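Open the model in your viewer and set it to cartoon. Keep the selection tool at hand for a short tour.

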Amino acid sequence: AHLIHFRGQLIVGDRAIAATDRPVGLVTTPAMVVVAVPDALIYLTPSGELIEKIAATELPFSRIEAVGHTPSGHPVLQTPDGLFAPDADWLDFAPATGPIRIEPPATVALSARETAALEKAWRGEGVPLYRVLLDLHAGRLFGLTGTAMMDLTAVAILLLVISGFAGWLRKSRANGSGNRKAAS
């Protein structure tokens, strides 16, 4: 699956995984994929499922600037607080020294078709007419004021129906008693 950063979202395949800044590095291990963003480490399964997102405030450094590798291939995080090497599980970080090679994450420009597909997935198909009518009917288009107006309108309609029925009943009783007197 491809890793895409689009409108502040990290997307794997067709799923938004996390709201993030642009990734500064990526490390793939047999057990997981680690995405480094300036303010967090995001752990994914090899298939792209989110395992965990750990904020940099919970780590021994304040921010992540880049991901590099030692000459032997061990990953190292470059931070304003120095270099840090993770353990095999990426749970503990120890200060690191020595030369490292930093390679920025490979970026690929999306085609117009791919960008349009992402835009459509991001925005969706829009709001269907029935949903607008339902929200208008419920008064949700105008917030609390709209809801209160619709509730008052419903109460007013009920009062009109009840008073109309009561008036009809009173008039029919009055006409009914008058017809009985004339027949006697």
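**Stop one: a residue and its contacts.** Select Leu118 and show the side chains around it. Leaving aside residues up to four places away in sequence, Leu118 touches Ile4, Phe6, Ile11 and Leu110. Bear in mind that this is a predicted model.

Now colour the helix. Leu118 sits in helix α1, which spans residues 112-123. Is Leu118 buried or exposed? Its relative accessibility is 13%, so Leu118 counts as buried, the cut-off being under 20%.

For a sense of distance, add Glu52 to the selection. Glu52 and Leu118 are 66 residues apart along the chain. Their C-alpha atoms are separated by 24 Å.

**Stop two: the sheet.** Select residues 3-6, strand β1. Add residues 9-12, strand β2, and residues 15-19, strand β3. These three strands form an open sheet in the order β1-β2-β3, and the pairing is antiparallel. Which strands stand at the edges? They are β1 and β3. Each has a single partner strand, so one side of each is left without a neighbour in the sheet. Look along the sheet next: neighbouring strands are turned by 30° against each other on average, direction ignored.

Zoom in on the β1 and β2 pair. The two strands run antiparallel, and four bridges join them. Pick Leu3 and look across: Val12 in β2 stands opposite. In general, strands of a sheet pair through backbone hydrogen bonds, either parallel or antiparallel.

**Stop three: the largest pocket.** Switch on a surface. How much space lies in the largest pocket? About 1000 Å³. The pocket is lined by 35 residues, and those closest to its centre are His2, Leu3, Ile4, His5 and Ala106. Select these five to find the middle.

Then colour the elements that contribute to the lining. At least two residues each come from β1, β2, β4 (25-28), β5 (33-37), β8 (66-69) and α1. Colour the lining by residue class as well: 21 residues are nonpolar, nine are polar and five are charged.

**Stop four: a loop residue.** Select Trp90. Where is Trp90 placed? Trp90 lies in the loop between β10 (82-86) and β11 (93-96). Check its backbone: phi of Trp90 is near 60°, a positive value in a residue other than glycine. Finally, turn the surface on around the side chain. Trp90 has 2% relative accessibility, so Trp90 counts as buried.

Note on methods: Residues numbered from 1 in each chain as written. Predicted model: local features only at pLDDT ≥ 70, side-chain atom pairs only at ≥ 80, totals over all residues. Heavy atoms only, no water. Pairing = 2+ DSSP bridges. Axes fitted to C-alpha atoms, helices over the stretch in contact; angles between N-to-C directions. 1 Å grid on protein atoms, 1.4 Å probe; cavity = no way out; pocket = protein on both sides within 12 Å on 5 of 7 lines; lining within 4 Å. Points joined across faces, edges and corners; volume = space filled by probe spheres on them. Nonpolar A, V, L, I, M, F, W, Y, C, P; charged D, E, K, R; others polar. Buried < 20%, exposed > 50% of the residue type's maximum accessible area, 1.4 Å probe, protein only. Contact = heavy atoms within 4.5 Å.
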